[in-house]
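Q: Please take me through one buried position in this model in detail, and then follow the chain outwards from there to the ligand surroundings and the overall fold. I would like the reasoning behind each burial call to be explicit.

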Amino acid sequence: MSSRIGQCFTVSLFGESHGAGIGCVIEGIPAGTPLDLEQIRKRLNQRRPGKDQYSTPRQEADSFDILSGYFMDHTTGTPLCAVFRNSDTRSKDYQSLKMHFRPGHADFTGGEKYRGANDYRGGGHFSARLTAALVFAGAIAEQLIEAQGIKVMTQVQGVGPLRAESFETLELTDAVVNQLDGEGYAIQKSVEADFLKAVDDARMALDSIGGIVEGVILNVPVGLGEPFYDAFESRLAHGLFAIPAVKGVSFGKGFDFVNMRGSEANDLFYADGDVVKTRTNNNAGINGGISNGMPIWFKCAFKPTPSIAKPQETLNRSTMQTETLEIKGRHDPCVALRAATVVRAMTAIITYDLWLESKRR
Ligand SMILES: Cc1cc2nc3c(=O)[nH]c(=O)nc-3n(C[C@H](O)[C@H](O)[C@H](O)COP(=O)(O)O)c2cc1C
Ligand SMILES: C=C(O[C@@H]1CC(C(=O)O)=C[C@@H](OP(=O)(O)O)[C@H]1O)C(=O)O
């Protein structure tokens, strides 16, 4: 199997949700880079499970050990490996799931593909537990792109039918940035109470709810990405679809382009001093797969959490009879809330990879 993303800056993931631990190996960090470990911890804390009733009650500190590639407060240029020990596993919750597949989760496909040898406890390697390691790698990538003046921001832009103002128009004032980058979920103050109530209503109904995570990348230099296969959209979508429960990705106006005429959809060029800009940004700062210097804004649709407390029908693999399934385990009622940090991480990873690649050509 392949568990690696990137061309010049690569991240591979390992581990299982209920195994000894999880982690990542990162290659392509320039030698001699100082790491801001506090910033890494801040990002991990933003994603961490077990905070309140809006996330899974599983308690994991998400503290890490760096095993290699880091010496005297600087990266060495060799592969950097970080591990996170799992502590709050409760594997008996999953005892019956080897033969009773959770609808919407990877129990069936994982079992078939790995001929029953997969660690199915807590979803094993398919679990979003591994996104802790992604956030670690993303926090490093974020430091590397910020050194180039490039910034990434994400927000929960929708929960169920509710919507917040999009990055298309939202002014990123200090107050907005502080709110979205604070200790709570990345939700604008004006919609926070409504979003959280919708999540809690779903939880109380023994159910789950979907959401939208929106991202924006600012100050991207002109020229990142290639035509066709390595388009900025292709590369970023590859990363975003790797995040568990992402079922849709769109750039700029996305599916709304269908309702527009060319005269509305085209972003008209003008000169702002020496800088070429566009009056609108429907195309999300990408033309022909290549960044044009305008903000890159995009959305990810997260499906409702598959593991719900409500009884459902499923198949018993040993008897091939349908039975009623009551899922145990501790689950997020809306994965989009914690996923905003994961999307931020993946965006930083892909952006840094594309930036590094552009320097090597
Ligand atoms: C941050 C985050 C947290 C998640 N938490 C849960 C969870 O508590 N329970 C669950 O069943 N799925 C959860 N998921 C989603 C599953 O991991 C995912 O649906 C599953 O691996 C199947 O993959 P797929 O939905 O992409 O097909 C979470 C996903 C993310 C990104
Ligand atoms: C452990 C984390 O989230 C887990 C992601 C997850 C899933 O199926 O993706 C299912 C749940 O696992 P368990 O039933 O073992 O508690 C979540 O708690 C984490 O984010 O660190």
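A: In this predicted model, Phe-298 counts as buried because 26 other C-beta atoms lie within 10 Å of its own, where 20 or more are needed for that call. The residue belongs to strand E16. Once its neighbours within four places in sequence are set aside, Phe-298 is in contact with Gly-215, Leu-236, Val-249, Ser-250, Phe-251 and Ala-284. For a sense of distance across the model, Phe-298 and Glu-192 are separated by 106 residues in sequence and by 21 Å in space, C-alpha to C-alpha.

Strand E16 spans residues 296-302, and the loop between this strand and strand E17 (312-316) holds Ser-307. Ser-307 is likewise buried, because 21 other C-beta atoms lie within 10 Å. Residues up to four places away in sequence aside, Ser-307 touches Arg-102, His-105, Ile-327, Gly-329 and His-331.

Ser-307 also leads to the ligands. Of the 21 residues around ligand 1, Ser-307 is among those that come nearest, together with Ala-128, Pro-244, His-331 and Val-335. The shell around ligand 1 comprises 10 nonpolar, eight polar and three charged residues, and helix H8 (residues 336-359) supplies the largest share of it, three residues. Ligand 2 has 15 residues around it, of which Thr-56, Arg-58, Gly-122, Ala-128 and Gly-329 come nearest; by class, this shell divides into four nonpolar, seven polar and four charged residues. Ala-128 thus appears in both lists of nearest residues, while Gly-329, listed for ligand 2, is a contact of Ser-307.

An unreviewed UniProt entry carries the annotation "binding site" for Ser-307, and also for His-125, Phe-126, Ser-127, Gly-288, Lys-303, Pro-304, Thr-305, Pro-306 and Arg-330. These positions are spread over 206 residues of sequence and are spread in space as well, with up to 43.7 Å between C-alpha atoms. One of them, Phe-126, lies in the loop between helix H2 (107-113) and helix H3 (131-146). Phe-126 has 19 C-beta neighbours inside 10 Å and therefore counts as partly exposed, since buried begins at 20. Leaving out residues up to four places away in sequence, Phe-126 touches Ala-106, Gly-110 and Pro-244, and Pro-244 is one of the residues that come nearest to ligand 1.

Turning to the fold as a whole, the protein chain has eight helices and 18 strands. Its radius of gyration is 21 Å, close to the 21 Å that the globule rule gives for 361 residues, so the chain is as compact as a globular protein of that length. The C-alpha trace spans about 70 × 50 × 40 Å along its principal axes. Of the 361 residues, 42% count as buried, and among contacts with a separation of 6 or more, 73% join residues 24 or more positions apart.

In soluble globular proteins, nonpolar side chains tend to be buried together. Here the largest nonpolar core has 82 residues, and those with the most contacts inside it are Ala-133, Phe-136, Ala-137, Val-156, Ala-336 and Ile-349. Helix H8 gives this core its largest share, 15 residues. As for Phe-136, with neighbours within four places in sequence left aside, its contacts are Cys-24, Ile-40, Leu-44, Phe-64 and Ala-82. Helix H8 therefore figures twice in this account, with the largest share of the core and with the largest share of the shell around ligand 1.

How values were computed:
Residues numbered from 1 in each chain as written. Chains lettered and ligands numbered in written order. Predicted model: local features only at pLDDT ≥ 70, side-chain atom pairs only at ≥ 80, totals over all residues. Near = placed C-beta within 6 Å. Helix = DSSP H or I, 4+ residues; strand = E, 2+ residues; numbered from the N terminus. Nonpolar A, V, L, I, M, F, W, Y, C, P; charged D, E, K, R; others polar. UniProt positions renumbered as here; feature names shortened; annotations may be inferred. Buried ≥ 20, exposed ≤ 12 C-beta atoms within 10 Å, placed from the backbone. Contact = placed C-beta atoms within 7 Å. Rg over C-alpha atoms; globule rule 2.2 N^0.38 Å. Core = buried A, V, L, I, M, F, W, Y, C linked by C-beta atoms within 7 Å.
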